[in-house]
Amino acid sequence: LERQKQAKDADVADAEAAIENAKDVLRVKPPFKIKVNIKSLRHLPQMDTFGKCDGYVIVQCGDQKQRTDKKKNDYNPDFNEMFEFNVTKSSQSLTVKVMDWESSGNDEEVGSNQIQVGKLMVGTVEHELTLIGTKNQNVVIGKDKEKTSVLFSVTVEPPERSTGQADGGGAVATGSQIAPWKLKVKLLSA
């Protein structure tokens with residue numbers, strides 16, 4: 001029985017290693033473009049004494065920075081705003097910072113978080129990041145006692161290649177885009 005458990009554990013470890021190796025092959029290498037769709041904020045804290053939060057989002061990748069429109073007096077604002085960034089280094093991060101707009105011009109940071117763009121693969125991935133406060137590095141808690149989060153998607157577009165040119169990683173260009181690899185996984189037992 002112990003040998004069977006060890007064999008099963010070894011099979012699981014081999015499968016996990018194979019998945020990580022496949023992910024490394026499938027990751028797109030810079031330069032490439034990403035499209036970030038800021039969808040919404042959830043569970044914002046009350047930032048003003050006599051009002052709700054007037055939230056907006058700043059999205060930054062490298063030295064490129066863009067921002068959403070502000071949404072006044074809303075703890076759960078929807079945005080659905082799309083931004084495009086050029087990724088030039090695998091070490092770059094996509095930083096999402098949430099701000100509270102103030103009429104005085106001294107906007108206050110609610111919190112932020114980030115993801116590494118060097119680990120992204122071609123396609124669209126949905127994200128929900130919990131905001132971390134910059135002053136105390138704690139999770140930001142909203143007026144409703146829930147964790148404050150930003151919901152967004154990131155679409156990675158592969159670099160353009162000339163028609164019919166192989167990219168050296170196994171994907172072949174079709175038109176002006178690279179066709180991504182296909183990974184088939186067969187579950188033998190559970």
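Q: Why is asparagine 80 called exposed?
A: In this predicted model, asparagine 80 has a relative accessible area of 59%. The cut-off for exposed is over 50%, so asparagine 80 earns the label.

Q: Where does asparagine 80 lie, and what is notable about its phi?
A: Asparagine 80 is part of strand β4. Its phi is positive, about 55°, although the residue is not a glycine.

Q: What makes glutamine 137 exposed rather than buried?
A: The relative accessible area of glutamine 137 is 56%. Since exposed means over 50%, glutamine 137 counts as exposed. This residue sits in the loop between β7 and β8. Its phi is near 60°, a positive value in a residue other than glycine.

Q: How do you know that methionine 82 counts as exposed?
A: Methionine 82 has a relative accessible area of 51%. The threshold is over 50%, so methionine 82 is classed as exposed.

Q: Which residues does methionine 82 touch, not counting those up to four places away in sequence?
A: Methionine 82, which lies in strand β4, touches Lys35, Val36 and Asn37. Take asparagine 37 as an example: methionine 82 is 45 residues from it in sequence, yet their C-alpha atoms are 4.3 Å apart in space.

Q: Why is serine 112 called buried?
A: Serine 112 has 17% relative accessibility. Buried means under 20%, so the label fits serine 112. Serine 112 belongs to strand β6, residues 108–116. Leaving aside neighbours within four places in sequence, its contacts are Val96, Lys97, Thr130, Leu131, Ile132 and Thr134.

Q: What makes cysteine 53 and cysteine 61 buried?
A: Cysteine 53 is at 0% relative accessibility, and cysteine 61 is at 0% too. With the limit set at under 20%, both therefore count as buried.

Q: How many disulfides does the structure hold?
A: The structure holds zero disulfides. A pair of cysteine sulfur atoms would have to lie within 2.5 Å to be counted.

Q: Why are strands β2 and β3 said to pair?
A: Strand β2 (residues 55–61) and strand β3 (residues 64–67) share four bridges in the antiparallel sense. Pairing calls for at least two bridges, so β2 and β3 qualify. One of these bridge partnerships is between glutamine 60 and lysine 65, the latter in β3. The hairpin has two residues between the strands, and glycine 62 there takes a positive phi near 65°.

Q: How do you know that β1 and β8 pair?
A: Nine bridges join β1 (residues 32–42) to β8 (residues 149–157), and the two strands run antiparallel. The requirement is at least two bridges, so β1 and β8 meet it. Isoleucine 38, for example, has phenylalanine 152 in β8 as its bridge partner.

Q: What is the strand order in the open sheet of four strands, and what makes β4 and β7 its edge strands?
A: The order is β4-β1-β8-β7, with antiparallel pairing. Strands β4 (78–87) and β7 (123–130) are the edges, as each pairs on one side only. From one strand to the next, the twist averages 20°.

Q: Which residues touch the most other members of the largest nonpolar core?
A: They are Ile34, Val36, Leu94, Phe152 and Val154, out of 31 residues in this core. At least two residues come from each of β1, β2, β4, β5 (93–100), β6 and β8. The largest share, five residues, is supplied by β1. Beyond residues up to four places away in sequence, isoleucine 34 touches Cys61, Phe83, Glu84, Phe85, Val87, Leu94, Val117, Leu120, Val154, Thr155 and Val156.

Q: What makes the peptide bond from proline 30 to proline 31 cis?
A: Its omega is near 0°. Proline 31 is found in the loop between α1 (2–26) and β1.

Q: How many helices and strands does the chain have?
A: There is one helix, along with 10 strands. Along the sequence the pattern reads α-β-β-β-β-β-β-β-β-β-β.

Q: What share of the chain is buried?
A: Of the 190 residues, 34% are buried. The accessible surface comes to about 12,000 Å², and carbon and sulfur atoms hold 50% of that. Among contacts between residues at least 6 apart in sequence, 58% join residues at least 24 apart.

Note on methods:
Residues numbered from 1 in each chain as written. Predicted model: local features only at pLDDT ≥ 70, side-chain atom pairs only at ≥ 80, totals over all residues. Heavy atoms only, no water. Axes fitted to C-alpha atoms, helices over the stretch in contact; angles between N-to-C directions. Buried < 20%, exposed > 50% of the residue type's maximum accessible area, 1.4 Å probe, protein only. Contact = heavy atoms within 4.5 Å. Areas by Shrake-Rupley, 256 points an atom, 1.4 Å probe, with all protein chains shown as cover. Core = buried A, V, L, I, M, F, W, Y, C linked by side-chain atoms within 4.5 Å.
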